[in-house]
Amino acid sequence: MSTQPDHSAPRSSSGNFKLIASSVLAVVVVGAIGLDTTVVKIGSADDVRQRAFSAETFGAEQFPKIKANVEDRAVAAAELAVAIAADKKAAAEKYGTATSTGPVIPVALTGVFGARKANTSEMKVDGLPPETVVRVQTGPAVNGTDLRDATGTIEFGQFTNQIQYQDAGSAINNEMKKAVFAGLAPELLNGKAATVVGVFKLINPKNWLVTPVKVEVK
């Protein structure tokens with residue numbers, strides 16, 4: 001017969017207490033997690049994937065605003081040419097939007113389309129010096145980001161990185177192509193009178209590459 005004291009009963013009571021306490025704590029923690037968790041329905045406004053940048057959506061939203069801005073500010077080509085000849089810097093500050101690679105200037109052209117080459121059509125514009133060459137981008141490819149930069153309201157800091165910024169410019173160009181090039185037969189423009197509203201980057205005063213927001217063939 002053992003003479004050692006029997007401590008089995010107290011150890012069992014203590015173990016049960018710890019088990020119950022652990023269970024209660026677990027329930028409290030799970031409950032707290034549940035209260036702090038927001039259930040997001042896929043496709044809802046809270047779904048972060050729905051808030052991810054979409055270049056296509058951005059382009060569709062911005063092009064109408066850019067078009068309206070350019071049409072409102074467009075300067076008659078002859079008037080602009082005179083201003084540039086007098087003082088290029090002053091003309092750029094007065095009419096253009098400054099960018100890191102040169103001012104983007106809105107312009108209104110009236111004239112006759114000429115030869116087509118490499119996605120552009122030359123245009124003989126009324127009132128311009130004969131040495132000034134004007135080419136209008138008539139697609140299907142459109143180069144540059146002049147439309148994106150035309151208003152000064154779209155800046156790099158609004159985007160996550162350079163790729164997104166570039167995609168925004170391409171998307172705006174794509175929206176322009178849908179709006180302006182639809183129904184336009186660039187291979188048939190040679191010799192036709194037209195009015196064009198668009199923008200160009202003033203680098204060489206005698207060479208204007210215009211990206212249009214509106215083309216009306218007469």
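**Exercise 1.** In this predicted model, find which residues of helix α7 are buried and state what they pack against.

*Solution.* Begin by locating α7, which covers residues 162–181 and reaches 28 Å from its first C-alpha to its last, close to the 28 Å expected at 1.5 Å a residue. Next, pick out the buried residues of α7, which include Y165, A168, I172, M176 and F181. Then look at what surrounds them: the buried residues of α7 pack against α3 (55–73), β4 (133–137), α6 (146–149) and β6 (207–217). Finally, inspect the N-terminal end of the helix, where N161 acts as a cap, with a side-chain oxygen 3.1 Å from the backbone nitrogen of I163.

**Exercise 2.** Determine which residues are linked with E71 in a network of salt bridges.

*Solution.* Start with K67, whose side chain meets that of E71 in a salt bridge of 3.2 Å, N to O. K67 and E71 are four residues apart in helix α3, so about one helical turn separates them. Now turn to the other partner, since the side chains of E71 and K214 also meet in a salt bridge (3.4 Å, N to O). Because E71 lies in helix α3 and K214 in strand β6, this pair ties together parts that are 143 residues apart in sequence. The network therefore consists of K67, E71 and K214.

**Exercise 3.** Decide whether K201 and D146, which form a salt bridge, are buried or exposed.

*Solution.* First identify the bridge itself, in which the two side chains meet at 3.6 Å, N to O. The pair links strand β5 (residues 193–201) to helix α6, 55 residues apart. Both K201 and D146 turn out to be buried, whereas K214 is partly exposed at 28% relative accessibility.

Technical notes:
Residues numbered from 1 in each chain as written. Predicted model: local features only at pLDDT ≥ 70, side-chain atom pairs only at ≥ 80, totals over all residues. Heavy atoms only, no water. Helix = DSSP H or I, 4+ residues; strand = E, 2+ residues; numbered from the N terminus. Expected span 1.5 Å × (residues − 1). Buried < 20%, exposed > 50% of the residue type's maximum accessible area, 1.4 Å probe, protein only. Contact = heavy atoms within 4.5 Å. Polar contact = N/O pair within 3.5 Å; in protein donor to acceptor, adjacent residues only side chain to side chain. Salt bridge = Lys/Arg side-chain N within 4 Å of Asp/Glu carboxyl O.
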